Amino acid sequence: MKVLQTIAGLGAHSGGTSTCTCDLLMAMHRIGGCEIDLLTLRCDDLLGHGETWIKALPDDAVSPYGYSRNINRFLQQSDYDLYHTNGMWMHCNHVTCAAARHKGKPYVITPHGMLHPQAMKRSAWKKKLLLDFGGVNKDLKLANCIHVTCLDEMNNYRALGYKNPVAIIPNPFSAPTFIDEIKNNRDIKRIGFLGRLYPYKKVDALLNAWIKLGRQVSDCQLVIMGTGELSYEQMLKSMVRQHGLTNVEFAGFVAGREKFERLASLTALCVPSDFENFGMIVTEALSVGTPVIASLGTPWQELNTEHCGYWVKNDADTLAEAIKAVLSLPAYEISRMGENGKRLVKEKYQDTQVASMMAQLYGWIINCDKKPKFVYV
């Protein structure tokens, strides 16, 4: 099987879509059985280590839509058994689907949560134009399969009226080589947030919960890791100043070993977002034995069922109660929850397991192999 995946950007600062796409393909190359390339545009912080299968073309993107003649040319001259695009709303995504149809080849779309109702509300008029007149509706309707990462995402897709096959395959967790060296150094009790600082991430709700707890967390620390929308970040820092909080740290962008060491130092990670399609940071925190408090807007009910965290509403009062609960637990119980989380990641979300599922999906589409159980038609 010869497959081409495409993505508009593959930069380290591009977010979870780039990271999980790169991790998945790295794992697929390790397990073998499929010849797979990844097409993108070159950038200064390109992920990977110069792998020949990453086809990073000179960046000639024009306009926020990312129109690229270099991508057009590559796709026109390409010859693959299947085409698979990551993301929505960019030229790279649409032209991948159009090229596959022109060549009479099957194609797959991974929306990466970009069809979620709340995501659709952002720049809604532009997305409606692309759906109605930019070919996106046709791309979705004629796709051989849509790949989603959770049941909620499939339900959101079905609610839009599309009836083509959907595969539920989670995002992969790729354990760094140093993962076994990371130890839980919880010298003080810490609650953390790690992600982009945007309003829908509800870091303000987390801060309000911290404010409500007051003296109950006076000897604890709240660590906010990440950057994002400047006005929102400034608003969060203003809240901290206004309430005279001295136990809140803004750590900025963190990555690599530092990210995992900071996660391992937390009593719990908080993911209070209004919605998350998957939430890679959840598996990253669980992988180093840190419990997670995640909102009902994330697909992480397993935090409750597997006893490795809390799956709760994301209003300030509920978050405050969850934070109070986890901070009151004895160290041995935090460790037990941490071990449960590690086990969950190993059993369900390891990159090679996810890569095997994607290879099965490709085999079903290209070779007419038996339909995998995770494909819904």
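1. A cavity, as the word is used here, is a set of grid points where a 1.4 Å probe fits but cannot get out. The structure is a predicted model, and by this rule it holds two cavities of 30 Å³ or more.

2. The largest cavity has a volume of about 80 Å³. Its lining is made up of 15 residues, and those that lie nearest the centre are C20, L24, H112, H147 and N171. The elements that give two or more residues to this lining are α1 (16-31), β4 (82-86) and α15 (351-367), and α1 gives the most, with three residues. By class, the lining of the largest cavity divides into seven nonpolar and eight polar residues, with no charged residue.

3. The second largest cavity has a volume of about 70 Å³. Among the residues that line it are Y65, W89, H94, C97 and D139. Two or more residues come from each of α3 (91-103) and α6 (136-142), with α3 giving the most to this lining, namely three residues. The lining of the second largest cavity has seven nonpolar residues, four polar residues and one charged residue.

4. H112, named above among the residues nearest the centre of the largest cavity, deserves a second look for its backbone. The residue lies in the loop between β5 (107-110) and α4 (117-121), and its phi is near 55°, a positive value in a residue other than glycine. Most residues other than glycine have a negative phi. H112 counts as buried because its relative accessibility is 13%, with under 20% as the limit for that class.

5. H307 can be read alongside H112. This histidine is found in the loop between α12 (302-305) and β13 (309-312), and it has a positive phi of about 50° although it is not a glycine. Is H307 buried or exposed, or does it fall in between? With a relative accessible area of 31%, H307 is partly exposed, since that class lies between the limits of 20% and 50%.

6. Turning to open spaces, the second largest pocket holds about 460 Å³ of space. Of the 17 residues that line this pocket, T149, C150, L151, P299 and K348 are the closest to its centre. The elements that give two or more residues to the lining are α7 (151-159) and α14 (331-349). By class, the lining of the second largest pocket has twelve nonpolar, two polar and three charged residues.

7. On the surface, W125, L129 and F133 make a nonpolar patch of about 420 Å². W125 is found in helix α5, which covers residues 124-133. The relative accessible area of W125 is 58%, so this residue is exposed, the limit for that class being over 50%.

8. Another tryptophan, W53, has its place in the loop between β2 (35-41) and β3 (54-57). W53 counts as buried, because its relative accessibility is 9%. The C-alpha atoms of W53 and Y65 are separated by 25 Å, and the two residues are twelve residues apart along the chain. Y65 has already appeared in this note, as one of the residues that line the second largest cavity.

9. A last point concerns V326, which lies in helix α13 (residues 316-327). At 1% relative accessibility, V326 counts as buried. Between the C-alpha atoms of V326 and T305 there is a separation of 16 Å, for residues that are 21 residues apart along the chain.

Note on methods: Residues numbered from 1 in each chain as written. Predicted model: local features only at pLDDT ≥ 70, side-chain atom pairs only at ≥ 80, totals over all residues. Heavy atoms only, no water. Patch = residues over 30% accessible without salt bridge, like charges linked within 9 Å, V, L, I, M, F, W, Y side chains within 5 Å. Areas by Shrake-Rupley, 256 points an atom, 1.4 Å probe, with all protein chains shown as cover. Salt bridge = Lys/Arg side-chain N within 4 Å of Asp/Glu carboxyl O. Helix = DSSP H or I, 4+ residues; strand = E, 2+ residues; numbered from the N terminus. Buried < 20%, exposed > 50% of the residue type's maximum accessible area, 1.4 Å probe, protein only. 1 Å grid on protein atoms, 1.4 Å probe; cavity = no way out; pocket = protein on both sides within 12 Å on 5 of 7 lines; lining within 4 Å. Points joined across faces, edges and corners; volume = space filled by probe spheres on them. Nonpolar A, V, L, I, M, F, W, Y, C, P; charged D, E, K, R; others polar.
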